[in-house]
Amino acid sequence: MSKTQYSGVKVKRFSKGFVVAHAVNAISFFALYITALPMYTEWFDWLYPVLGGPEGARRLHRIFAVAFITPTFIWLIMEPKGLLRWGKELVTWKKRDLQFFTEFVKELFGFNFKHVKQTFFNAGEKINSIIQIFTAILIIGSGFPMWFPDLFPAAIVQWAYVAHNVGFGLAIAVVVGHIYLSVIHKNSRPGYTGVLTGEVPAEWAKEHYTEWYEEEVKKGNFPDLDKGKNKKKGA
């Protein structure tokens, strides 16, 4: 298991476009979940006064539904290259990506593990992204018949409610795992600053995304940490 001591050196991992898009996505998702709870079950009727009653809850839900659609466009406008890189990596799978999961399971349960060289997005993040895309399509696609029932056959509207609930159920499961790994798990927690400021510890980035880090070193964008270690040894 890695026991890297971080020097305090930071490197740029995410652009402002990604940070903004991620924030809008996270805020709108949780707002949608909260505003939907009292509409889903009477156990959460106590939320209605906070949300402005049933009508206020529906209004807020629709406002955040629109916001939930915007992150991809925000990222596309602010940093199209980053969005394209993300899409390209999602469809690029190699042997190392499969090896990643074997070591990830060891890391997750606290056993000794080794880092498998990864690019900008590791295999776990790719799977997370694919599932999130699927659930977003399910949620958004089913949301339209629910919002505009007069434009769709009754059967489609009925199935839309089922699909909407399934989509949100899957999404919540993915989000819980995502939060645990990014905020709580000790080995991946240092990277959480990436979605807040765009920057992460250099040593952590090199460990978890070695191939990407080494490419940036060659371009002169990141410090060569190995060179710094060699200098200390020679001193």
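The charged end of R13 sits over two aromatic rings: the ring of F121, 5.9 Å from its centre, and the ring of W212, 5.2 Å from its centre. Here a charge sits over a ring if NZ of Lys or CZ of Arg is within 6 Å of the ring centre and within 35 degrees of the ring normal. Before going further, please note that this is a predicted model, in which local features need pLDDT of at least 70 and side-chain atom pairs count only at pLDDT 80 or more, while totals for chains, interfaces and linings use all residues. Residues are numbered from 1 along each chain as its sequence is written, and side-chain values use heavy atoms, with hydrogens and water left out.

**Aromatic rings**

Both partners of R13, F121 and W212, belong to a cluster linked by ring pairs, together with F14, F18, W75, W86, F120, W204, Y209, Y213 and F222. Searching the whole structure gives 17 aromatic pairs. Rings of Phe, Tyr and Trp (its six-membered ring) pair if their centres lie within 6.5 Å; planes under 30 degrees apart count as stacked, over 60 as edge-to-face and the rest as tilted. One of these pairs is F14 with F120, which is edge-to-face because the planes stand at 85 degrees, with the ring centres 5.7 Å apart. This pair links distant parts of the chain, 106 residues apart: F14 lies in the loop between β1 (10–12) and α1 (16–40), and F120 in the loop between α6 (95–108) and α7 (123–147). Both F14 and F120 are buried; buried means under 20% relative accessible area, exposed over 50%, and partly exposed in between (1.4 Å probe, protein chains only).

The rings of F44 and W46 form a tilted pair, since their planes are at 40 degrees, with centres 6.3 Å apart. F44 is partly exposed, with a relative accessible area of 26%, whereas W46 is exposed at 56%.

**The cavity beside these rings**

Where do R13, F14 and F120 turn up again? They help line the largest cavity, along with S15, F18, W75, E79, G82 and R85. A cavity is a set of points on a 1 Å grid over the protein atoms alone where a 1.4 Å probe fits but cannot get out, a pocket is an open set with protein on both sides within 12 Å along at least five of seven lines, and lining residues have an atom within 4 Å of a point. The structure holds one cavity of 30 Å³ or more, and the volume of the largest is about 40 Å³. Volumes are the space filled by probe spheres set on the points, with grid points joined across faces, edges and corners. Its lining has four nonpolar, two polar and three charged residues. In this classification Ala, Val, Leu, Ile, Met, Phe, Trp, Tyr, Cys and Pro count as nonpolar, Asp, Glu, Lys and Arg as charged, and the others, Gly among them, as polar.

**The second largest pocket**

About 760 Å³ of space lies in the second largest pocket. Of its 27 lining residues, A36, M39, H61, M146 and H164 lie nearest the centre. The elements that give two or more residues to this lining are α1, α3 (53–69), α7 and α8 (154–184). Among them, α3 gives the most, with seven residues. By class, the lining has 19 nonpolar, six polar and two charged residues.

**Three residues compared**

| Residue | Place | Relative accessible area |
|---|---|---|
| L83 | helix α5 (residues 80–90) | 13%, buried |
| I156 | helix α8 | 42%, partly exposed |
| H185 | loop between α8 and β2 (199–201) | 8%, buried |

Leaving out residues up to four places away in sequence, L83 touches T72, W75 and L76, and H185 touches E107, L108 and Y180. A contact means heavy atoms within 4.5 Å. From C-alpha to C-alpha, L83 and E211 are 19 Å apart in space and 128 residues apart in sequence; for I156 and S129 the values are 27 Å and 27 residues.

**The whole chain**

The secondary structure comes to 11 helices and two strands, following the pattern β-α-α-α-α-α-α-α-α-β-α-α-α along the sequence. Helices (H or I, at least four residues) and strands (E, at least two) are DSSP runs, numbered from the N terminus. The C-alpha trace spans about 75 × 35 × 35 Å along its principal axes. Of the 235 residues in the chain, 37% are buried. Among contacts between residues at least 6 apart in sequence, 66% join residues at least 24 apart.
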